[in-house]
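Here is a protein model to read step by step. Look at the strands and helices before you start on the questions.

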Amino acid sequence: MVVHSQSAALDHCSLIKTCKPTTSVFKGIPVVDLRDPEAKNLIVKTCEEYGFFKLVNHGVPMEFFTRLEAEALKFFNLPQSEKDKAGPPDPFGYGFKKIGSNGDVGWVEYLLLNTNPQITSLKSLTVFRETPEIFRSSAVNDYIQAVKRMTFEVVELLADGLKIEPRDALSRLLRDEKSDSCFRLNHYPPCPELQALGGRNLIGFGEHTDPQIISVLRSNNTSGLQICLRDKTWVSVPPDQTSFFINVGDALQVMTNGRLRSVRHRVLAESMRSRVSMIYFGGPPLSEKIAPLASLMAKAEESLYEEFTWWEYKTSAYKSRLGDYRLGLFEKK
Ligand code: GA4
């Protein structure tokens, strides 16, 4: 009997993987203060070691985040049938549980949007589909514009720290009007039935690296984000809704010839509280060649990777499973 009622309660979580709870909290989380004169060196150090850091004193007002969070929750609290009208995410729109198109699932619902130009993405959703309020408000656009500006500054500091010349070698790719960047609003609903799983955690968004150059995440004060350290242990990142969390993506790993590592990360669902996160994925134009930057290469240093364009990498990534090591296909043998 007990078994029966448990499985009924977990019906809507079926197919979604669980994992053993990770107790270790990332105590030494690298924190970069954007106004610190040493920021450029700290960014390099932490991107080499973790491919990840927390950014404080970033200058993006809290209000941008709270406004968008409120709009996001208004949307995610709509009846399922209403939300489905904004889906499927092919490639932009609303998605629920399904991640990508190769069978990955997670305890998450989301909106995927193009960022460039923002208007086009919203139009493409609103012309062909119903128009939930979130697409009519300026909250998405205002947030993205502010986060983009901050991200350009971060990658320019990174370029300074790495002595990359010119210093806009990375930021120009994100600023380009053809930059293939995107934006994601995630909602991880609470899953009270988790208790029945005997202390196991439900996977909200399975482990993966981000294919782009850089990802900039902000979330509400709910835990769930975990990163994988060099020694392959998983640690949970204490939430902080006032800060951004920055991830190195695969393209940046290649452009630095492996000096910076793209970070594997995942999100676990909580049993009682809902998590909202918003992520800007900064990518280059589709036609851009992704190769180690000349000014970073030592004299006889060779590229660890075959040459490819962002379009080739993205196409290959979108055919892969979420947890795959996608750069493997592009490494020189
Ligand atoms: C991970 C980073 C971004 O969220 C994303 C994801 C994309 C998707 O959700 O459609 C992918 C995933 C992400 C990498 C591998 C492929 C594509 C799901 C998936 C299984 C929008 C992106 O650009 O790549």
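Q: In S11, which residue is the bridge partner of Lys54?
A: This is a predicted model. Strand S3 covers residues 52-56, and four bridges join it to S11. The two strands run antiparallel. Within S11, Lys54 has as its bridge partner Phe245.

Q: Which strands does helix H2 touch as it packs on the sheet?
A: Helix H2 spans residues 39-49, and its direction makes about 160° with that of S2. The strands it touches are S2, S3 and S11.

Q: What is the order of the strands in the open sheet?
A: The sheet has eight strands, and their pairing is mixed. Strand S2 (31-33) and strand S4 (93-99) stand at the edges. Each has a single partner strand, so one side of each is left without a neighbour in the sheet. The order is S2-S3-S11-S8-S13-S6-S5-S4.

Q: Is Val32 buried or exposed?
A: Val32 lies in strand S2. A residue counts as buried if 20 or more other C-beta atoms lie within 10 Å of its own. Val32 has 26 within that distance, so it is buried.

Q: Which residues is Val32 in contact with, leaving aside its neighbours within four places in sequence?
A: Start with helix H2, whose buried residues include Ala39, Ile43 and Thr46. The buried residues of H2 pack against S2, S3, H7 and S11. Val32 lies in S2. Its contacts are Ala39, Leu42, Ile43, Thr46, Phe53 and Leu55.

Q: Which residue with a positive phi follows H2?
A: Move to the end of the helix. The phi there is near 65°, and the residue is Gly51.

Q: How many residues of strand S8 are buried?
A: Strand S8 runs over residues 214-219. Ile214, Val216 and Arg218 are buried on one side. Ser215, Leu217 and Ser219 are buried on the other. The number of buried residues in S8 is six of six.

Q: What are the bridge partners of Ile214 in S11 and in S13?
A: Four bridges join S8 to strand S11 (residues 244-248). Six bridges join S8 to strand S13 (residues 275-282). S8 runs antiparallel to S11, and also antiparallel to S13. The partner of Ile214 in S11 is Val248, and in S13 the partner is Gly282.

Q: Which helix gives the most to the largest nonpolar core?
A: This core has 79 residues. Those touching the most other members are Ile43, Tyr143, Leu158, Val216, Ile246 and Ala251. One helix, covering residues 139-162, gives 11 residues to the core. That helix is H7.

Q: Which residues does Tyr143 touch, not counting residues up to four places away in sequence?
A: Tyr143 is among the core residues that touch the most other members. Helix H7 covers residues 139-162, so look for Tyr143 there. Beyond its sequence neighbours, Tyr143 touches Phe64, Phe65, Leu68 and Met278.

Q: Over which residues does pLDDT stay under 50?
A: The protein averages a pLDDT of 90, and 89% of the residues score at least 70. One stretch stays under 50, and for it the model has three contacts beyond four places in sequence. Where pLDDT is low, the predicted coordinates should not be read in detail. The stretch is residues 1-9.

Definitions and conventions:
Residues numbered from 1 in each chain as written. Predicted model: local features only at pLDDT ≥ 70, side-chain atom pairs only at ≥ 80, totals over all residues. Core = buried A, V, L, I, M, F, W, Y, C linked by C-beta atoms within 7 Å. Buried ≥ 20, exposed ≤ 12 C-beta atoms within 10 Å, placed from the backbone. Contact = placed C-beta atoms within 7 Å. Pairing = 2+ DSSP bridges. pLDDT = per-residue confidence, 0-100. Axes fitted to C-alpha atoms, helices over the stretch in contact; angles between N-to-C directions.
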